[in-house]
Structure formats: C-alpha cells, structure tokens
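Student: I am new to this structure and would like to go through it with you. Could we look at it together, one question at a time?

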There are 2 protein chains.
Amino acid sequence: MSMPDPDRTPPRRSRGRPRGFEPHEALDAAVRVFWAEGYEGASVNRLSRGMRMPKASLYQAFGDKEGLFLAAVHHYGDTRLVPVAQAIGPNGSLHDDLCAFYEAAVRLGTADPATPGCLISCVLAEVAGTNPRFRAELGARFTALETRLHSRLLAGRSEVIGDSDPAVLAVMLASVARGMMVRARAGADRDMLQAVGRATVDLISR
Amino acid sequence: MSMPDPDRTPPRRSRGRPRGFEPHEALDAAVRVFWAEGYEGASVNRLSRGMRMPKASLYQAFGDKEGLFLAAVHHYGDTRLVPVAQAIGPNGSLHDDLCAFYEAAVRLGTADPATPGCLISCVLAEVAGTNPRFRAELGARFTALETRLHSRLLAGRSEVIGDSDPAVLAVMLASVARGMMVRARAGADRDMLQAVGRATVDLISR
DNA sequence: TGATTTTCAGAACCTACAGTCTGCAAATGG
DNA sequence: CCATTTGCAGACTGTAGGTTCTGAAAATCA
C-alpha cells in the first residue's frame, strides 16, 4: 500500500538500510507474472522472485496477495491501457482514432507470447466470478472504457454511419476489443486481429 | 475418462455396489463450480461435494483435476454452447439468425448470477495462458465458432452489407460475442447486452 | 562509536491442496 | 451363504500455498 512513488525520487536518502529492488520494475514484473499465470496460478514465491523483491518487503508494501494484484492491475492500467485509451482521442477523424485504438489494443494483446491477451479481460475477469472486490474493479474498468468510447462517438457523431444509439455502440466497440483480447489468449494471428479492428471501424464510420 | 454414458442405460445392472451419484448431474455440477470459481479457485474437495461424487470415484472417472476440467468444458459445450451455435442456422434470414445467436449467447452469460459470463471465454481463457493443453482446447473452440459463423455468412452472402471479407467478419462477430461474455462477468445489464447484439447485427445485415 | 531505523534472507507456521489408500458397504453370481 | 465385484467414506500423505517471525545487514544520525 505504501509503495513509494517511483517517479519522485526523495531529495535525500532516508535512514535505514536502502532497499535492493526497483519499485517500478518490481510492479512491472508482478504485472507480467499475473498476466501470464493468472491470479491463483501465480504463487507469492514466484512473484517475489520475479519482482526481485523480498517477500517481507512485498507484504509490507501491499498487505497481501490481493493487494498486490490490485496494485498490479493499476500499474497495468497506467502503463499499458492509458496509451490505448489515449489513441481514442479525439486526435483525428473518428475513423482514424478508432483504427488507432484497435491497433494499439491488438499490439498490446499480441506483443509478448508469454503474456497473451489482456490482464483485465482474461485474468481479472476470471477471478471476478466470486471475489466482490475484483468484480467491482473489473466493472469500473469496463465502464471507464465504454464511457470514453461513448464520449468519442458523441464528439464525432456526424461521422457515424447509421442511427444506432451511441451508448450501445460504445459497448459494442469495447466488446470487440475485449473479444479480440480473449482471442489473442489462444494465440491468434496478429494480422487477422488487426483486420478485425479495421473491419469493425469500417462498419460504423467513414 | 471411463465415465459411463449417461444416455445409454445398461440393460442389466452390473455387479458390485451401485454408484450413488448421477453421472450427468455430477458433470453439470462440476461445470457450475468451475464456471463460478475458476479452475484454480475450485478445489477438488469443493468439486467432489458439489458433484455429490466421492473423490475416489472422481479420480477413477477423470484421472486428475485437469481431466475433470476438460470433461466439464466438453459437457458445457454439449449442453450450453451447442444450442447457441445452432441458433446460427441457417434457420431463417441472416439477420434473424445472427440476432438469435446473440440473444442465446447473452441469455447464457447472464442466466445465473452465480455463473456470470462464459466458461470458455472467462475461465478456460485464463488458464490457457500457461497450460498448453488448455490453450489448444481454447483455440479449437474459438476456431470452431468462427468457422461456423463464416459458413453462415457465405450461405447468406447476398444479405451482407458492405464488402468486408467474410472470414474477417466472422472473427469480428465471434469477438463481439466473447466480449459480451467477459462484460457479463462484471455484471452487465442483460438488456444492454441484448441491444449490443442487435446493433451489431444491424451493422452487417438487413 | 553507538543508537536508531529500515530492509533483507530465510526459517517457521499453519492451512489447504491434489492425490492415494484402506477397510467397509452393497450389490450380483453361483 | 460365500466369493466376487464395485463403490464409498474418510483417514492419510506429501507438497505447496499464503503469511508471519526472527535475527542479521546496511544505512543515517548524534
């Protein structure tokens, strides 16, 4: 919980023995381990090793495994998802922005064969089945993307083909993205997924 | 592995003590437990209790937990997915068939709050991250749905709006379905998801 | 230097897990 | 009625899980 902000280095070294791990890289490693192996599949020992962070420090920083996972999800959002969401814009035309969005999403889901798909749609979604905290987190993240897409559609409503409800269209566009992420988990051809993204955009704009 | 066929009752009771569980219901219970709690989240003791099947019989029938999970996935496919796939038809117009497909999918993913989403897209997808057997199973199931949708699009190609590649369109339609299932895992409004299905169909046909 | 603070390494703890074994129960066949 | 077959309940096993603890290590401060 009290993981020091990796961006703001303290002006003067604090007292006590200095830590031997990099907070930012540690969280990033946790993201990769959870992403590849799932929540239950990733043991704390495995995480501790991957993060190069002693178990004692890990528990002091995050409380428990659940806290670590939630922190990893946030880090994943900040480092992986924010760029994808930013592609939505508005940056250029609606068509171009949505293409950029899908392109970024597909790249994310197929970048590393060790971490296929999306941490949110594939891993968080599974454990959301019974854990209410995880389910709330999942719902919030899903709603946030849909809201963002909805705003973008409203901003470019003149470029939308047809007369579908923009709110429904937003959920549909988000569903395509998530479906592609899940598809990538089984090892899908990246070019095929990119084509799916373009085809989707072509259906609703231009 | 040697689970007796629940459909073909043996003509004469075999020797030995008769089993005290219903094979069909046992597998169905396993489906629900895995569906709700995930693969790692469902312990064998929990499964044994839910299935009303002694652990010894369970191991004799399925070998190990992995075998039980795969059997549950197959049972889920036979009992839950086959009807959804059959809705694709061809039964009526392309538009109506696809609407029926999404309607059945959404009903499946939102029928029971204890088992939100889809066993394949939410649970099998997670464990497919590291387990090659599970990943192969996931890939096969995904490809099967896409192939079926592709065939349906080819059969009704005159009803398709636009000039998208039917193969790409098929993957896109499947992605929407999977994305909606994952969305349902966070507890989505059923009517909203139904609207998403209709909107998707309206984009490509009519 | 010594007191203090923080981190670290790894042992220790208890629980829960997947999987096995043993002995009894309940049926059939002769 | 006894042998045989099959299934069952639950104890058992060994391992791995998450979490805590202890004492040493490494830094600062006075």
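Student: At roughly what angle do the axes of helix α6 and helix α7 of chain B cross?

Tutor: Good place to begin, and keep in mind that this is a predicted model. Helix α6 of chain B covers residues 119-127, and helix α7 of chain B covers residues 132-155. Their axes come within 8 Å, and the crossing angle is roughly 145°.

Student: Which residues of α7(B) make the contact with α6(B)?

Tutor: Let us start from the other side: α6(B) contributes B:Ile120, B:Ser121, B:Leu124, B:Ala125 and B:Val127. The residues of this contact divide into seven nonpolar, one polar and two charged. On α7(B), the partners are B:Phe134, B:Glu137, B:Leu138, B:Arg141 and B:Phe142.

Student: How many residues surround DNA strand C, and which are the closest?

Tutor: Both protein chains appear here: α3 (55-62) of chain A and α3 (55-62) of chain B each supply at least two residues of the surface near the strand. That surface divides into nine nonpolar, seven polar and 10 charged residues. In total 26 residues surround DNA strand C, and the closest are A:Gly20, A:Ser57, B:Val44, B:Lys55 and B:Lys65.

Student: Which residue has a side-chain N or O atom 2.5 Å from a base oxygen of DNA strand C?

Tutor: Take care to separate the parts of the DNA. The side chain of A:Ser57 has an N or O atom 2.5 Å from a phosphate oxygen, while A:Arg17 places a polar backbone atom 3.1 Å from a base oxygen. The side chain that fits your question belongs to B:Lys55.

How values were computed:
Residues are numbered from 1 along each chain as its sequence is written. Chains are lettered from A and ligands numbered from 1 in the order in which they are written. This is a predicted model: local features need pLDDT of at least 70, side-chain atom pairs count only at pLDDT 80 or more; totals for chains, interfaces and linings use all residues. Side-chain values use heavy atoms; hydrogens and water are left out. A residue is near a molecule or strand if one of its heavy atoms lies within 4 Å of it. A polar contact is a pair of N or O atoms within 3.5 Å; within protein, one must be able to donate a hydrogen and the other to accept it, and residues adjacent in sequence count only if both atoms are side-chain atoms. Helices (H or I, at least four residues) and strands (E, at least two) are DSSP runs, numbered from the N terminus. Ala, Val, Leu, Ile, Met, Phe, Trp, Tyr, Cys and Pro count as nonpolar, Asp, Glu, Lys and Arg as charged, and the others, Gly among them, as polar. Axes are lines fitted to C-alpha atoms, for helices over the stretch in contact, and angles run from 0 to 180 degrees between N-to-C directions. Contact means heavy atoms within 4.5 Å.
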